[in-house]
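Student: I've got a structure open and I'd like to learn how to read it. Can we go through it together?
Tutor: Sure, let's start with the ligand and then turn to the sheets.

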Amino acid sequence: MSDRYLSFSGTAPGRFLTRRLGLPQPAPLRRWSPEHPALAGGEVLHLTAGKPAPSPADSPSAVVLDATGVRDVDGLADVHAALHPVVRSVAASGRIVVLGAPLDPADHHQAAVQQALEGFARSLGKEIGRGRTVNLVRLTDRAAAESTLRFLLSPKSAYVSGQVIEATGAPEQAVAFDPDRPLAGRTALVTGAARGIGAAVAETLARDGARVVVLDVPQAEEDARKLAERLGGSALALDITAADAGGRIAAELADGIDVLVHNAGITRDRRLANMPADRWSSVLDVNLAGVLRTTDALLAAGALRPGGRIVATASIAGLAGNAGQTNYGASKAGVAGLVRSLAPRALAGHGVTVNAVAPGFIETRMTAAVPLLIREAGRRMNSLAQGGLPVDVAETTAWLAHPASGAVNGQVVRVCGQSLLGA
Ligand SMILES: NC(=O)c1ccc[n+]([C@@H]2O[C@H](COP(=O)([O-])OP(=O)(O)OC[C@H]3O[C@@H](n4cnc5c(N)ncnc54)[C@H](O)[C@@H]3O)[C@@H](O)[C@H]2O)c1
């Protein structure tokens with residue numbers, strides 16, 4: 001689906017009209033491509049709250065503010081003092097990344113001001129405009145958060161804004177990887193990958209060097225096979241709600257799985273009062289029970305290799321709730337619960353992480369089927385005033401799947417342009 005409003009509002013008459021009418025003015029986002037692997041603008045400006053600032057480049061592509069040492073309200077004034085003079089100069093589609101510390105349960109002053117950074121970052125994300133994003137990363141060890149910072153400071157995170165990401169897991173032993181193909185030698189299984197977001201995930205993981213298995217229902221086998229051929233991977237025609245789905249995957253991937261992406265999902269919208277039991281159960285079965293069952297079967301079969309990555313797909317509808325989606329919202333909130341519970345214990349000793357992406361409004365066949373007015377509202381009601389693309393979810397998945405992302409565990413990261421839905 002093309003976003004005609006985004007194209008129109010970028011023309012001279014469009015700009016004039018939308019400004020006069022007070023309508024949203026989405027900025028075209030700079031996304032990663034081999035030709036544009038970096039953000040536009042000058043060098044990244046690194047600041048530390050409470051320390052003298054270096055003189056800024058003309059128009060920094062990003063500002064990283066280290067606020068990990070902020071422990072009291074005076075320290076928050078240092079955050080203001082650091083960003084106030086530079087915020088305007090950050091390039092279009094640029095980034096502000098605030099580094100915070102985990103909340104200290106033994107120090108309520110530290111906890112208060114570190115939590116304050118969350119409200120600060122989210123508010124700045126809502127006002128900064130011009131396709132710029134603001135995120136907060138809580139970390140204990142900067143080196144362990146390296147892959148997260150690399151992602152946030154690249155065009156790959158174009159549609160990730162207003163997020164609080166904890167990169168506080170145990171720092172891993174240094175893992176060797178090729179920076180251009182970090183997943184080389186690894187096998188990734190992506191469910192529901194014949195089209196939409198799943199297809200983009202498969203392509204992006206293949207770009208990063210993974211051997212990809214494209215799983216989809218038998219009806220979509222043709223598309224799955226074509227994609228797998230193009231990516232040099234293989235296709236697996238399988239309904240993940242089948243009782244033996246986990247066993248069949250484990251048998252098919254006898255050498256083990258490094259990256260397991262639970263992406264398959266469906267909607268069957270109706271308000272609860274009008275929802276027959278079959279619409280309820282089909283959504284819960286694909287989106288949650290299927291995910292739980294296949295995860296259990298693969299873990300029980302020891303199919304996930306050490307250092308493995310599980311990335312499940314939640315949705316902002318599950319985090320914030322959405323009218324007409326009690327079934328879908330329940331299933332996707334369930335995915336978040338699964339991630340939070342499994343992450344600390346799953347196979348933490350083996351370096352396995354479990355995280356979720358929670359897409360907002362992404363331009364796919366699923367959202368193309370939404371009635372026009374609701375679709376238009378979904379597109380605009382976020383800080384970037386536009387829908388995301390499947391590749392935005394795919395890049396976020398690739399960051400979580402990265403061999404150096406071991407410190408990120410149990411996170412539910414929204415890819416929603418900072419949607420107003422439960423932001
Ligand atoms: N598009 C959005 O805006 C959006 C927003 C939030 C979350 N999501 C989630 O992202 C995921 C992908 O969404 P999409 O928009 O690409 O959807 P889509 O409908 O375009 O693609 C979903 C794919 O999953 C496959 N699938 C469905 N049931 C399956 C099953 N039982 N076994 C195997 N494969 C199955 C379908 O055949 C299809 O290829 C879903 O989990 C969805 O809930 C999407």
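Student: Which residues surround the ligand, and which are the closest?
Tutor: Keep in mind that this is a predicted model. To find a ligand's shell, you look for residues with a heavy atom within 4 Å of the ligand. Here 27 residues surround the ligand, and the closest are Arg195, Ile197, Asp216, Asn263 and Tyr328.

Student: How do the residues of that shell divide into nonpolar, polar and charged?
Tutor: The shell has 14 nonpolar residues, nine polar and four charged.

Student: Where do backbone N or O atoms lie by the ligand's own oxygen and nitrogen atoms?
Tutor: For a polar contact, you want a pair of N or O atoms within 3.5 Å. In this model, a backbone N or O atom of Asn263 sits 2.7 Å from a ligand oxygen, and one of Ile362 is 2.9 Å from an oxygen atom of the ligand. With Ile240, a backbone N or O atom is 3.0 Å from a ligand nitrogen.

Student: How much of the ligand's accessible area does the protein cover?
Tutor: On its own the ligand has 830 Å² of accessible area, and the protein covers 93% of that. The elements giving two or more residues to the shell are helix H6 (196–207), strand E7 (211–216), helix H11 (326–345) and helix H12 (365–368).

Student: On to the sheets. What is the strand order in the sheet of seven strands?
Tutor: To read a sheet, follow the pairing from strand to strand. This one is open, with parallel pairing, in the order E8-E7-E6-E9-E10-E11-E12.

Student: Why is one side of E8 and of E12 left without a neighbour in the sheet?
Tutor: Strand E8 (234–237) and strand E12 (412–415) stand at the edges with a single partner strand each, so one side of each has no neighbour there. Ignoring direction, neighbouring strands of this sheet are turned by 20 degrees against each other on average.

Student: How many bridges join E10 to E11?
Tutor: Five bridges join E10 (residues 304–313) to E11 (residues 353–359), and the two run parallel. Thr313, for instance, has Val357 in E11 as its bridge partner.

Student: Which strands does H11 lie across?
Tutor: H11 lies across E10, E11 and E12, at about 155 degrees to E11. Helix H7 (residues 221–231) lies across E7 and E8, at about 165 degrees to E8.

Student: What is the strand order in the sheet of five strands?
Tutor: That open sheet runs E1-E2-E3-E4-E5, with parallel pairing. Its edge strands are E1 (45–48) and E5 (164–167), each pairing on one side only.

Note on methods: Residues are numbered from 1 along each chain as its sequence is written. This is a predicted model: local features need pLDDT of at least 70, side-chain atom pairs count only at pLDDT 80 or more; totals for chains, interfaces and linings use all residues. Side-chain values use heavy atoms; hydrogens and water are left out. A polar contact is a pair of N or O atoms within 3.5 Å; within protein, one must be able to donate a hydrogen and the other to accept it, and residues adjacent in sequence count only if both atoms are side-chain atoms. Accessible areas come from the Shrake-Rupley method with a 1.4 Å probe; for residues, only the protein chains shown count as cover. Helices (H or I, at least four residues) and strands (E, at least two) are DSSP runs, numbered from the N terminus. Ala, Val, Leu, Ile, Met, Phe, Trp, Tyr, Cys and Pro count as nonpolar, Asp, Glu, Lys and Arg as charged, and the others, Gly among them, as polar. Two strands pair if DSSP finds at least two bridges between them. Axes are lines fitted to C-alpha atoms, for helices over the stretch in contact, and angles run from 0 to 180 degrees between N-to-C directions. Contact means heavy atoms within 4.5 Å.
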